[in-house]
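Please look through the sequence and the structure shown below, and then follow the report, which goes from one helix pair to a single residue and on to the core and the chain as a whole.

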Amino acid sequence: MLNSEPRRVLTTMASQLPKSTAPQAADAGAGDSFAGDVLSLAKAREEAKLFERAARGDRAAIDEVWRVNRRWIAAVLAAHAPRGVDVEDLLQEVAATLVAKHGHIRDTASLRGWLRVVAINAARMAARSKSIERRSLRAVADGAAQTRVEREPVARNAAAAADTMALVARIPPIYAEPLLLQSTQGLTQRQLATLLDVPETTIETRLARARRMLRQLAAEAERAAERTKTNQDG
Amino acid sequence: MSSEDHAMNPDMNHGTNDAMNDDNAHELDVLLARAISGDDAALAEVRARGASDPAVLEELAMWQADELRLVRVARELEATANRVEAPHAHPRAVRRAGLGWAAAAAIALAWFAQSSFSRNGSGDNASPRASVAGVSGGFASADDAFDAYVAKARQEGVVTGDVAPPTIVRSRELGDGQGFEVIVVRQVYERRVAPQVIRFAPSGETGRMRPVVIRPRTDLVR
């Protein structure tokens with residue numbers, strides 16, 4: 001039984017965990033598709049004008065719409081793409097589809113729903129055809145690092161992220177998708193319910209199941225690593 | 001409880017001890033998931049339960065560790081997403097450097113295969129032969145011809161490593177008990193030597209993608 005001190009530490013850690021552990025947008029000004037879903041009137045007008053321009057083919061507006069949405073689309077792709085498929089390649093496909101069919105840009109709700117379908121179809125095609133070059137998240141980070149003169153410690157994070165994504169890849173997409181969108185993009189259950197077009201209670205169930213599956217997979221991986229270490233030491 | 005719970009756990013309604021345990025376990029998972037996502041009331045509930053059952057706090061700590069793992073994933077996904085800009089050329093002409101090389105290799109391979117055919121085949125359209133690898137005809141079926149091609153190509157060192165099994169692209173039921181129509185794609189990795197390759201690169205003020213012929217360097221030292 002735990003003594004009281006570790007218990008206080010555990011609950012203190014939990015209370016200090018931010019509501020959203022999703023990282024802040026690296027490019028200030030690019031915004032976030034889901035930030036401030038309840039928009040002020042002025043912001044709503046601004047967004048409507050952006051969409052009008054994008055729908056008419058204004059390149060700057062299309063670029064802005066893409067930048068605002070690409071991060072959560074990456075999370076959807078990561079949830080649906082099979083292991084080893086390059087998320088960056090799939091993102092390029094989705095971006096190209098957005099440019100080609102910019103007429104779909106009418107309003108936020110329909111755009112997100114449409115982009116999600118495009119992303120899922122791209123991931124499923126990648127799984128079927130297997131014609132896209134197989135690279136893991138680790139290789140994506142390595143490839144990006146190799147364009148620099150020196151390798152940076154970012155590759156270490158990429159390796160750890162790749163290990164976690166290998167676990168997530170074993171979770172059915174129906175559970176992995178809300179998990180990644182919540183954890184990596186900070187979406188609320190309400191936002192998830194709207195995006196995935198299912199009730200909030202269903203989202204709550206899927207998130208709980210996804211986290212339970214991740215815990216079980218992580219525990220299996222830890223036990224396997226222990227066994228390997230024991231065999232090597234023995 | 002959502003309908004999905006019942007769908008996933010058909011025994012839930014039977015009221016057995018196992019089903020009740022499953023219910024309790026899921027209820028705890030929902031509570032932990034809420035606590036992890038920042039629900040203060042859920043966190044307070046977890047702490048209260050942890051006062052009499054320390055295993056609950058241990059579980060919370062492990063779920064927190066998993067959440068931190070996902071934070072790393074978030075960073076990588078963000079870095080990946082930020083590298084991808086909307087293409088400016090016509091989408092069909094857009095190629096990443098990697099895929100451009102793939103397209104160039106395909107063109108070179110087609111040229112090389114054509115050269116092989118003109119060396120080995122008679123070019124008689126009335127009786128075409130499958131002679132990409134210089135394999136003679138007279139097979140009972142297309143599958144036999146394919147297997148013979150793979151065998152010959154391995155001998156020549158054109159095919160190395162495993163040949164992936166056919167990948168299903170789509171399928172549909174034919175009806176009337178006839179079975180299923182399955183469309184598959186076969187992929188064989190071949191090693192070829194091409195005299196030159198073509199790369200698509202942006203050029204001019206518009207940045208339009210144009211093919212550029214790349215010839216081998218003569219000063220490359222191995």
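In this predicted model, Leu32(B), Ala35(B) and Ile36(B) of helix H2(B) meet Glu59(B), Leu60(B), Trp63(B), Gln64(B) and Glu67(B) of helix H4(B). Sorted by character, the residues of this contact of H2(B) with H4(B) divide into 5 nonpolar, 1 polar and 2 charged.

Two packed helices are described by the angle between their axes and the distance between the axes. Here helix H2 of chain B covers residues 17-36 and helix H4 of chain B covers residues 54-83, and their axes come within 10 Å and cross at roughly 50°. An angle counts as oblique when it is neither under 35 degrees, nor over 145, nor from 65 to 115, and H2(B) and H4(B) are therefore oblique to each other. The crossing in which H2(B) passes H4(B) is right-handed.

In chain A, one residue to examine is Leu181(A), which is found in helix H8, residues 173-185 of that chain. Is Leu181(A) buried or exposed? A residue counts as buried if 20 or more other C-beta atoms lie within 10 Å of its own, and Leu181(A), with 26 other C-beta atoms within 10 Å, is therefore buried. Although Leu181(A) and Arg71(A) are 110 residues apart along the chain, their C-alpha atoms are separated by 9.5 Å.

The table sets out the contacts of Leu181(A) and of Leu90(A), in each case leaving aside neighbours within four places in sequence.

| Residue | In contact with |
|---|---|
| Leu181(A) | Trp72(A), Ala75(A), Leu187(A) and Leu192(A) |
| Leu90(A) | Leu77(A), Ala81(A), Val85(A), Ala122(A), Ala123(A) and Ala126(A) |

Leu90(A) also belongs to the largest nonpolar core, which has 70 residues, and among these Leu77(A), Ala78(A), Leu90(A), Leu91(A) and Val94(A) touch the most other members. The largest share of this core, 12 residues, comes from helix H3 of chain A, residues 59-80. In soluble globular proteins, nonpolar side chains tend to be buried together.

Turning to chain A as a whole, it has 10 helices and 0 strands, so that the pattern read along the sequence is α-α-α-α-α-α-α-α-α-α. Of the 234 residues in chain A, buried residues make up 38%. Among the contacts in chain A with a separation of 6 or more, 68% are accounted for by residues 24 or more positions apart.

Note on methods:
Residues numbered from 1 in each chain as written. Chains lettered and ligands numbered in written order. Predicted model: local features only at pLDDT ≥ 70, side-chain atom pairs only at ≥ 80, totals over all residues. Axes fitted to C-alpha atoms, helices over the stretch in contact; angles between N-to-C directions. Helix = DSSP H or I, 4+ residues; strand = E, 2+ residues; numbered from the N terminus. Left-handed = near helix turned anticlockwise from the far one by under 90°. Contact = placed C-beta atoms within 7 Å. Nonpolar A, V, L, I, M, F, W, Y, C, P; charged D, E, K, R; others polar. Buried ≥ 20, exposed ≤ 12 C-beta atoms within 10 Å, placed from the backbone. Core = buried A, V, L, I, M, F, W, Y, C linked by C-beta atoms within 7 Å.
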